[in-house]
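Q: I've got a model open and I'd like to learn how to read it. Can you walk me through it, feature by feature?

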Amino acid sequence: MTFTVTYAQREGAGACLRLAGELDLSTAPELNAVLDRLADQGEQHLLVDLTDLTFCDSTGIAAFVRADNRAAARGGWLRVTGATGRVERVLKVTGLAEVLGYRSDTMHPRSQSAP
């Protein structure tokens, strides 16, 4: 399955990313590039919708932690929502569900290509 990152600006509430496919060693750089661009543009609040993410390994987890740390350094945050199955289990087992303010309900943004 192809990995994709789609992006929607949430009016007055930061950015929302929707991930689909498998987030692993080969695809994490794509996510990191989008997260870095958003941070460089001054985005401090990121909501990441994981509804369509089917797999996440340690490099994906590291990307979330890195982006959350970068946002927190500027007074912001990264939150995740919508994970199911294996992805939800990874978030809970690693303790990141609490750290990243995981919510199982999903926000469905108007999606467009990532910046």
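A: Sure. Let's start with vocabulary: helices and strands here are DSSP runs, numbered from the N terminus. With that in hand, a residue gets an address, and the place of Arg18 is in strand E2. Keep in mind that this is a predicted model.

Q: What does the secondary structure of the protein come to, and in what order do the elements run from the N terminus on?

A: Tally first, then order. The tally is four helices and five strands. Starting at the N terminus, the order reads β-β-α-β-α-β-α-α-β.

Q: Back to Arg18, then: is Arg18 buried or exposed?

A: The general idea is a cut-off: under 20% relative accessible area means buried, over 50% means exposed, and anything in between is partly exposed. Arg18 has 16% relative accessibility, so it counts as buried. Zooming out, 43% of the 115 residues of the protein fall in the buried class. As for the surface, the protein exposes about 5,800 Å², with carbon and sulfur atoms supplying 51% of that.

Q: Which side chain does the side chain of Arg18 make a polar contact with?

A: For a charged side chain, look for a partner of opposite charge. Here the partner is the side chain of Asp49, in a polar contact of 2.8 Å. The pair also qualifies as a salt bridge, at 2.8 Å from N to O. It ties together distant parts of the chain, since Arg18 sits in strand E2 and Asp49 in strand E3, 31 residues apart. Both Arg18 and Asp49 are buried.

Q: How many salt bridges does a search of the whole structure find?

A: Six. Two of them are worth reading together, as they involve Arg70. In one, the side chains of Arg70 and Asp36 meet at 3.1 Å, N to O. That one connects helix H2, home of Arg70, with helix H1, home of Asp36, across 34 residues of chain. In the other, Arg70 meets Asp40 at 2.6 Å, N to O. Again helix H2 is linked to helix H1, with Arg70 and Asp40 30 residues apart. When bridges share partners, you can chain them up: Asp36, Asp40, Arg66 and Arg70 form one network.

Q: And how do Arg70 and Asp40 count for exposure?

A: Apply the cut-offs from before. Arg70 comes out at 28% relative accessibility, so it is partly exposed. Asp40 has a relative accessible area of 58%, so it is exposed.

Q: Let's look at H2 as a whole. How far apart are its end C-alpha atoms, and what should its residues span?

A: The trick is to compare an expected span with the one in the model. H2 has 15 residues (residues 58-72), and at 1.5 Å a residue they should span 21 Å. The end C-alpha atoms are 21 Å apart, so the two agree.

Q: Which residues of H2 are buried, and what do they pack against?

A: List them, then look down the axis. The buried ones are Gly60, Ile61, Ala63, Phe64, Ala67, Asp68 and Ala71. Viewed along the axis of H2, they fall within an arc of 155 degrees, so they line one face of the helix. Their packing partners include strand E2 (14-23), helix H1 (28-40) and strand E3 (45-56). Strand E4 (77-81), helix H3 (85-94) and helix H4 (96-99) are partners as well.

Q: What share of the contacts join residues at least 24 apart?

A: Start from contacts between residues at least 6 apart in sequence; in this protein, 69% of those join residues at least 24 apart.

Methods
Residues are numbered from 1 along each chain as its sequence is written. This is a predicted model: local features need pLDDT of at least 70, side-chain atom pairs count only at pLDDT 80 or more; totals for chains, interfaces and linings use all residues. Side-chain values use heavy atoms; hydrogens and water are left out. Helices (H or I, at least four residues) and strands (E, at least two) are DSSP runs, numbered from the N terminus. The expected span of a helix is 1.5 Å times one less than its number of residues. Buried means under 20% relative accessible area, exposed over 50%, partly exposed in between (1.4 Å probe, protein chains only). The arc is that of the directions from the helix axis to the C-beta atoms. Contact means heavy atoms within 4.5 Å. A salt bridge is a side-chain nitrogen of Lys or Arg within 4 Å of a carboxyl oxygen of Asp or Glu. A polar contact is a pair of N or O atoms within 3.5 Å; within protein, one must be able to donate a hydrogen and the other to accept it, and residues adjacent in sequence count only if both atoms are side-chain atoms. Accessible areas come from the Shrake-Rupley method with a 1.4 Å probe; for residues, only the protein chains shown count as cover.
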